[in-house]
Amino acid sequence: MARSCVTVLPLDAKFKFLSQPIKKVLLSALKDLISRPIQCDVFLMSDKISADLHKRFLQKSGPANVLSFPEPDFIPHPEVGSGRVFIGEIYLAPNRIKSR
């Protein structure tokens, strides 16, 4: 059986050190919460990028702690045949989360 896969991509180099710890925590949580293998992408973003996405997609001002988006249907699914289900993208703003 396939295992869940989490890809963590820092959009700002200063968040690179968080990639492995976040991946480890998410994989552990997914193992306990979801019975089938999934795949998701996690992006670590600055407050500026967070505010831009928050405005663009939710029409709200200011940065968000977390944004999540389902995978659009028109995107190719490389996980097909891997036994995993792609659940979408999660965007985290570490500075914003830390201040909360």
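**H54.** I began with H54 in this predicted model, asking whether its side is buried or exposed, and found that H54 is buried, with a relative accessible area of 11%. Since the cut-off for buried is under 20%, I entered H54 as buried because its 11% falls within that class. I then looked up its place in the chain, which is in helix α2, residues 47–58. For its surroundings I set aside residues up to four places away in sequence, and was left with H54 touching Q59, K60, S61, G62, P63, A64 and L67.

**The chain as a whole.** I next went through the elements, and noted 3 helices and 4 strands, which run β-α-β-α-β-β-α from the N terminus on. The C-alpha atoms of the chain fill a box of roughly 40 × 30 × 25 Å when it is taken along the principal axes. Of the 100 residues in the chain, buried residues make up 29%. I also looked at contacts between residues at least 6 apart in sequence, and recorded that 67% of them join residues at least 24 apart.

**Helix α1.** Turning to α1, I counted 15 residues and a reach of 21 Å from the first C-alpha to the last, which is close to the 21 Å expected at 1.5 Å a residue. Which residues of α1 are buried? I found S19, I22 and L30. They cover an arc of only 70° around the axis, and therefore lie on the same side of α1. As a reminder to myself, an α-helix has 3.6 residues a turn, so residues three or four places apart point the same way. On the other side of α1, I listed Q20, K24, V25, K31 and D32 as exposed. I then asked what covers the buried residues of α1, and the cover includes β1, β2 (38–44) and β4 (85–92).

**V25.** From the exposed side I picked out V25, which lies in helix α1 and is exposed, with a relative accessible area of 56%. The cut-off for exposed is over 50%, so V25 at 56% belongs in that class. I also checked V25 against V85, which is 60 residues apart from it along the chain, and the C-alpha atoms of the two are separated by 19 Å.

**L27.** I moved on to L27, whose place is also in helix α1, and found it partly exposed, with a relative accessible area of 27%. Leaving aside neighbours within four places in sequence, I found L27 in contact with S4, C5 and V6. For one of these, C5, I looked up the separation as well: L27 and C5 are 22 residues apart in sequence and 7.4 Å apart in space, C-alpha to C-alpha.

**The largest pocket.** L27 turned up again when I examined the largest pocket, where A2, R3, S4, L27 and K31 lie nearest the centre among 14 lining residues. How much space lies in this pocket? I recorded about 280 Å³. The lining draws at least two residues from each of β1 (5–10) and α1 (19–33), and α1 gives the most, with 4 residues. Sorting the lining residues by kind, I obtained 8 nonpolar, 2 polar and 4 charged. I added to the entry that K31, one of those nearest the pocket centre, is also among the exposed residues of α1.

Notes
Residues are numbered from 1 along each chain as its sequence is written. This is a predicted model: local features need pLDDT of at least 70, side-chain atom pairs count only at pLDDT 80 or more; totals for chains, interfaces and linings use all residues. Side-chain values use heavy atoms; hydrogens and water are left out. On a 1 Å grid over the protein atoms alone, a cavity is a set of points where a 1.4 Å probe fits but cannot get out, and a pocket is an open set with protein on both sides within 12 Å along at least five of seven lines; lining residues have an atom within 4 Å of a point. Grid points are joined across faces, edges and corners, and a volume is the space filled by probe spheres set on the points. Ala, Val, Leu, Ile, Met, Phe, Trp, Tyr, Cys and Pro count as nonpolar, Asp, Glu, Lys and Arg as charged, and the others, Gly among them, as polar. Buried means under 20% relative accessible area, exposed over 50%, partly exposed in between (1.4 Å probe, protein chains only). The expected span of a helix is 1.5 Å times one less than its number of residues. The arc is that of the directions from the helix axis to the C-beta atoms. Contact means heavy atoms within 4.5 Å.
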